[in-house]
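The following report concerns the pockets, the sheet and the charged contacts of one protein model. Please consult the sequence and coordinates shown here alongside the text.

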Amino acid sequence: MTMKSKRIVVLGFIGTQLDKGQGSARWERRRPSVALTQHDDLVIDRFDLLYDPHFAALAKGIGADIRSVSPETEVVPREMAIADAWDFEQVYASLFDFAKDYPFDTETEEYWIHITTGTHVVQI
């Protein structure tokens, strides 16, 4: 009996510095959120892209670039307002609320946390 593999779901913040880029030059630099979906031997089924509303345009652009390099990847933008991403209490409270309400399905999905981007507090 062959065991069906679970779908791979990535949860991660956009990097307001590391992921940014405009025009064709953006393809010349490493943008971690996009790069994660560019591996030939790995398909990310869904990328839940967390972003602050101030960076909605960047999130939209990152989502479009992910879809262009990995059409198999569903990009789900998820707005998460954090007034101060360097404040442990605010970050913890926002992530706790997100996790409490997130529709986890551990029977069919495997969750990966992308911590390359975001402040050090977010990474912790």
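In this predicted model, the lining of the largest pocket comprises 11 nonpolar, seven polar and one charged residues. The volume of this pocket is about 350 Å³. Its lining numbers 19 residues, and those closest to the centre are Ile14, Thr16, Ala85, Gly118 and Thr119.

The second largest pocket encloses about 220 Å³. Among its 15 lining residues, Leu11, Phe13, Leu50, Leu95 and Ile113 are the closest to the centre. Its lining has 11 nonpolar and four polar residues, with no charged residues. Which elements each supply at least two residues of this lining? They are strand E1 (7–13), helix H3 (88–101), strand E4 and helix H4 (120–123).

The two pockets are set out below.

| Pocket | Volume | Lining residues | Lining by class |
|---|---|---|---|
| Largest pocket | about 350 Å³ | 19 residues | 11 nonpolar, seven polar, one charged |
| Second largest pocket | about 220 Å³ | 15 residues | 11 nonpolar, four polar, no charged |

The strands provide the next topic. An open sheet is formed by four strands, ordered E3-E2-E1-E4, with parallel pairing. Strands E3 (74–79) and E4 (109–114) are the edge strands, each pairing on one side only. From one strand to the next, the twist averages 20°.

Within this sheet, strand E2 (residues 46–51) runs parallel to E3 and is joined to E3 by six bridges. Leucine 50 stands opposite arginine 78 of E3; Leu50 is also one of the residues closest to the centre of the second largest pocket. Across E2 and E3 lies helix H2 (residues 56–69), which runs at about 165° to E2.

Charged contacts complete the description. Side chains of opposite charge can pair when their charged atoms come close. How many salt bridges does a search of the whole structure find? The search finds seven. One salt bridge is formed by the side chains of aspartate 65 and arginine 26, with an N to O distance of 2.7 Å. Because aspartate 65 belongs to helix H2 and arginine 26 to the loop between E1 and helix H1 (32–35), this pair ties together parts that are 39 residues apart in sequence.

Note on methods. Residues are numbered from 1 along each chain as its sequence is written. This is a predicted model: local features need pLDDT of at least 70, side-chain atom pairs count only at pLDDT 80 or more; totals for chains, interfaces and linings use all residues. Side-chain values use heavy atoms; hydrogens and water are left out. Two strands pair if DSSP finds at least two bridges between them. Axes are lines fitted to C-alpha atoms, for helices over the stretch in contact, and angles run from 0 to 180 degrees between N-to-C directions. Contact means heavy atoms within 4.5 Å. On a 1 Å grid over the protein atoms alone, a cavity is a set of points where a 1.4 Å probe fits but cannot get out, and a pocket is an open set with protein on both sides within 12 Å along at least five of seven lines; lining residues have an atom within 4 Å of a point. Grid points are joined across faces, edges and corners, and a volume is the space filled by probe spheres set on the points. Ala, Val, Leu, Ile, Met, Phe, Trp, Tyr, Cys and Pro count as nonpolar, Asp, Glu, Lys and Arg as charged, and the others, Gly among them, as polar. A salt bridge is a side-chain nitrogen of Lys or Arg within 4 Å of a carboxyl oxygen of Asp or Glu.
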